[in-house]
Amino acid sequence: MNKEEALKIVKPQLTDHRYVHTLGVLETSLVLAEKYGADPKKTELAAIFHDYAKFRPKEEMRQIVKDERLPENLLYYGTELLHAPVGAYLVKKEAGIDDEEVLGAIYYHTTGNVNMSILEKVIFLADYIEPNRHFPGVEEVREMALLDLEKACLMAVRNTIQFLIRQNQKIYPLSIATYNGLMDEVNQKK
Ligand code: DGI
Ligand code: FE
Ligand code: FE
C-alpha cells in the first residue's frame, strides 16, 4: 500500500487535530528511520496507522480485547491504552496490513515493550516528539533523539510514567518493563 492510499484510509478515522499529529509522526519517524536504519516503507505504514483506533468507542475496544484474547489486564488501566493493541488488530482486519513488524510497532506504540525492534523504537519515539507535541521536557527528548535512540526512548517512557504518577493514574506493567529494559540497554552501552 502506498502513502496516499494509507492516508486516505486513516483520515476519516481521525479528528483533524489527530490527523495533523499523524502527519507529524510520519515526518519525524522517517527522519529517525533514516538515521537509525529502519525500513522506510514499514515506518511509513506504521506511522500513518499508529492511531487508527484512537476514536473507536471504548466499549467496542473492550469487546475486541475480550473476543480476540488480547491481554486481559489492558482492561484495568484506563481506556487510553486500548487503541494501540486494538488498532493493530483493526488495521490488519480492516486495512489488510499484515506485516508483523508494522503491526508490532502499532501494537506497542503507547507502552513500548522490552527488546523493541528499531522500527518499534522509532514509532514509539516519533509519537512522543513529533513537532505538534508540547509536553514539558519534550525539547530535551528531541535533542537526544538525534544522538541516541535508546536514551531518547528511555527519557520518553520516564516522562510518561512521571506524568501518570502526578496525575494519580495507574501505570500499566508493560510501561514499567519498558522503562527497566531501556535502562539495561542504555547501561550496557556504557
Ligand atoms: O495516542 P497518542 O495521544 O498520540 O499517544 P499515546 O498512544 O502515547 O497515548 C498517550 C496516552 O496513553 C496518555 O493519555 C497516557 C496513556 N498512557 C500511556 N502509558 C500508560 C498510559 N495510561 C496508563 N494508565 N498507564 C500507562 O502505563
Ligand atoms: Fe496513540
Ligand atoms: Fe499518536
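Mentor: Ala, Val, Leu, Ile, Met, Phe, Trp, Tyr, Cys and Pro count as nonpolar, Asp, Glu, Lys and Arg as charged, and the others, Gly among them, as polar. By that division the shell around ligand 1 holds five nonpolar, six polar and seven charged residues. The model is predicted, with local features needing pLDDT of at least 70 and side-chain atom pairs pLDDT 80 or more, while totals for chains, interfaces and linings use all residues. Residues are numbered from 1 along each chain as its sequence is written, chains are lettered from A and ligands numbered from 1 in the order in which they are written, and side-chain values use heavy atoms, without hydrogens and water.

Trainee: Which residues come nearest to ligand 1?

Mentor: A residue is near if one of its heavy atoms lies within 4 Å of the molecule; of the 18 residues around ligand 1, the nearest are Arg18, Lys54, Thr110, Arg133 and Ser175. At least two shell residues each come from helix H2 (16-36) and helix H9 (149-166), where a helix is a DSSP run (H or I) of at least four residues, numbered from the N terminus.

Trainee: What makes the pair between Thr110 and ligand 1 a polar contact?

Mentor: A polar contact is a pair of N or O atoms within 3.5 Å, and an N or O atom in the side chain of Thr110 is 2.6 Å from an oxygen atom of ligand 1, so this pair qualifies. Arg18 has a polar side-chain atom 2.7 Å from a ligand 1 oxygen atom, and Ser175 likewise places one at 2.7 Å from an oxygen atom of ligand 1. The protein buries 86% of the 580 Å² that ligand 1 exposes when taken alone, with areas from the Shrake-Rupley method and a 1.4 Å probe.

Trainee: Why are Asp51, His83 and His109 called donors of the iron ion (ligand 2)?

Mentor: Donors are N, O and S atoms within 2.8 Å of the metal (3.2 Å for Na, K and Ca); Asp51 (OD), His83 (NE2) and His109 (NE2) coordinate ligand 2 at 2.1 Å, and therefore they meet that limit. Water is not among the atoms, so the site may look incomplete.

Trainee: Which residues coordinate the iron ion (ligand 3), and which one bridges it to ligand 2?

Mentor: His21 (NE2), His50 (NE2), Asp51 (OD) and Asp127 (OD) coordinate ligand 3 at 2.2 Å. Asp51 is the bridge between the two iron ions, which lie 3.5 Å apart. Because His50 lies in the loop between H3 and H4 and Asp127 in helix H7, that pair ties together parts 77 residues apart in sequence.

Technical notes: Polar contact = N/O pair within 3.5 Å; in protein donor to acceptor, adjacent residues only side chain to side chain.
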